[in-house]
Amino acid sequence: HMPMLERLYLHEAVTFVSITRKESLENFLAFDVHPDNQVYKSLNGVLFNKDMTSIIYYPNNLPEESYSLPNSVVTYTDPAFSYAKHLKYLFLPAGFSNINPHLALYAFDLVNIYIHEENPYYHVIDGAVYRKNNTELVFYPKGLQQDTLIVHEHVTKINHSMFQYHLYLEHLVLPEGLTEIPLNFARFSALKTVVIPSTVTIIESAAFHGTKIEELIVPESVERIRNYAFVDVPLKKVVIPSSVIRVDAWSFSFSEPSTTIYIEHEHFPSMWDEEWLVTLEGTMIIMDYKSQEYTVHFYDLDGTTILETVTVLHGQNATPTIIPEKESTLTHYYVFVGWNTSIDNVWHNLDVYPVFTEHPHVYEVSFYDIEGNVFKVVSVEHGESATAPHPPDVTGMVFSHWDSEFNDVMQDIEVR
């Protein structure tokens with residue numbers, strides 16, 4: 001551990017540099033390499049191989065927020081940009097051909113990677129780096145402050161650890177065609193929701209360990225969930241279909257109580273590990289969930305009177321036959337707009353209450369001309385005043401006043 005080290009000189013005889021604890025060099029600014037060294041070369045403090053085709057090390061404490069790789073660089077040595085404290089914008093040349101999540105795994109402030117438009121291997125869409133043909137998502141910056149990512153529809157591969165430690169991403173939509181959720185996929189990220197496509201067959205170890213996901217619907221294509229996949233996750237609802245024939249040890253443990261797990265199997269399959277679930281007090285497991293019936297009580301406005309009770313099977317929609325009403329007042333009327341919670345895809349007993357929107361009564365103030373014809377109608381909310389129009393001109397006469405007041409309007413009025 002050398003936190004005070006700022007510069008390091010490499011003698012001409014040095015042939016091998018290995019950095020095993022890059023995070024400990026928090027104040028490191030630069031490499032200086034002897035010009036006769038046959039293996040390494042430095043440029044502005046950054047370490048490269050001799051022919052400048054590979055970047056070896058970008059110092060942790062370089063103060064610049066942006067960095068452009070020399071045009072000769074085509075690859076890197078892991079972890080070249082990890083723990084770069086100030087780096088926000090990284091520019092990659094046309095020939096750079098080696099990108100994966102380890103490029104800047106712990107560069108938490110990296111906001112964007114920019115790639116030369118003539119690079120034949122990669123391009124950037126909405127901050128995410130894809131293969132040129134869009135079949136692989138290869139990098140997503142950890143400092144990119146977007147809370148939602150919809151992965152390109154042609155992607156069939158995503159590298160492991162892609163969203164690990166991501167501090168801003170909360171909602172993720174994965175495309176059909178993806179078959180695997182890889183190792184450490186979103187481990188210890190801020191992820192709250194994820195849409196897993198119906199083509200995924202395996203969720204790998206620690207894929208969502210420590211995320212913020214509260215509801216998990218495992219698609220019916222998944223066959224295996226590996227160990228620690230959903231450890232320390234605040235799940236409240238988990239649905240596991242009959243396609244899942246193997247669940248490894250410690251696949252699930254919850255950081256919040258009162259979780260309900262819905263399992264389509266009538267009995268646990270033999271290939272489910274005995275320790276697949278580490279429960280908290282209050283966890284409920286419902287087997288053969290598709291045969292479960294739930295009761296939905298529809299309450300009146302008073303919150304105590306039940307207008308109707310509907311019984312539905314798991315996953316069905318509850319449909320009441322009664323539409324509640326709320327009596328109008330002197331100043332307002334009320335429109336029923338629905339219920340306080342969704343009654344679609346019911347998965348537990350529900351008590352639901354009506355929701356109304358409030359609208360002021362609106363009146364018409366009609367203005368007539370001297371011949372008794374309406375020439376202007378003004379809409380006025382209850383208790384408000386109408387703005388009078390300019391009356392039509394009458395030859396030989398001067399307008400004096402209207403025959404009635406139109407302040408504090410509480411009904412339709414005719415004014416002459």
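Which residue in strand 20 is the bridge partner of Ile 202? In this predicted model, the partner is Arg 224. The contact belongs to the pairing of strand 18 with strand 20, which run parallel and are joined by 2 bridges. Both strands are part of an open sheet of 4 strands, arranged in the order 16-18-20-23 with parallel pairing. Strand 16 and strand 23 (246–247) form the edges of this sheet; each has a single partner strand, so one side of each is without a neighbour in the sheet. In general, the strands of a sheet pair through backbone hydrogen bonds, in either a parallel or an antiparallel manner.

Arg 224 also takes part in side-chain interactions, as a member of a network of salt bridges that links it with Glu 204, Arg 226, Arg 246 and Asp 248. Across the whole structure, the search finds 12 salt bridges. Three further pairs are described below.

One of the salt bridges joins the side chains of Glu 170 and Lys 192, with an N to O distance of 3.9 Å. Glu 170 is located in the loop between strand 14 (157–158) and strand 15 (171–173), and Lys 192 in the loop between strand 16 (180–181) and strand 17 (193–195), so the salt bridge ties together parts of the chain that are 22 residues apart in sequence. Glu 170 is partly exposed, at a relative accessible area of 23%. Lys 192 is likewise partly exposed, and its relative accessible area is 38%.

The side chains of Glu 214 and Lys 236 also meet in a salt bridge, at 3.9 Å from N to O. This pair links distant parts of the chain, 22 residues apart: Glu 214 is in the loop between strand 18 (202–203) and strand 19 (215–217), while Lys 236 is in the loop between strand 21 (230–233) and strand 22 (237–240). Glu 214 is partly exposed, with 40% relative accessible area, and Lys 236 is partly exposed with 44%.

In a third pair, Lys 290 forms a salt bridge with Glu 220, and the closest N and O atoms are 3.3 Å apart. Lys 290 lies in the loop between strand 27 (284–287) and strand 28 (293–299), whereas Glu 220 lies in the loop between strand 19 and strand 20 (224–225); the pair therefore ties together parts that are 70 residues apart in sequence. Lys 290 counts as partly exposed, at 40% relative accessibility. Glu 220 counts as exposed, because its relative accessibility of 54% is over 50%.

A buried position is found at His 382, in the loop between strand 34 (374–381) and strand 35 (413–415). The relative accessibility of His 382 is 13%, and this residue counts as buried because the value is under 20%. Apart from neighbours within four places in sequence, His 382 is in contact with Leu 330, Thr 331, His 361, Tyr 363, Val 409 and Met 410.

The protein chain as a whole has 35 strands and 0 helices. Its radius of gyration is 33 Å, well over the 22 Å given by the globule rule for 416 residues, so the chain is more spread out than a compact globule. Along the principal axes, the C-alpha atoms fill a box of roughly 110 × 75 × 40 Å. Of the 416 residues, 44% are buried. Among contacts between residues at least 6 apart in sequence, 34% join residues at least 24 apart. The accessible surface of the chain is about 21400 Å², and carbon and sulfur atoms account for 49% of this surface.

Methods
Residues numbered from 1 in each chain as written. Predicted model: local features only at pLDDT ≥ 70, side-chain atom pairs only at ≥ 80, totals over all residues. Heavy atoms only, no water. Salt bridge = Lys/Arg side-chain N within 4 Å of Asp/Glu carboxyl O. Buried < 20%, exposed > 50% of the residue type's maximum accessible area, 1.4 Å probe, protein only. Pairing = 2+ DSSP bridges. Contact = heavy atoms within 4.5 Å. Rg over C-alpha atoms; globule rule 2.2 N^0.38 Å. Areas by Shrake-Rupley, 256 points an atom, 1.4 Å probe, with all protein chains shown as cover.
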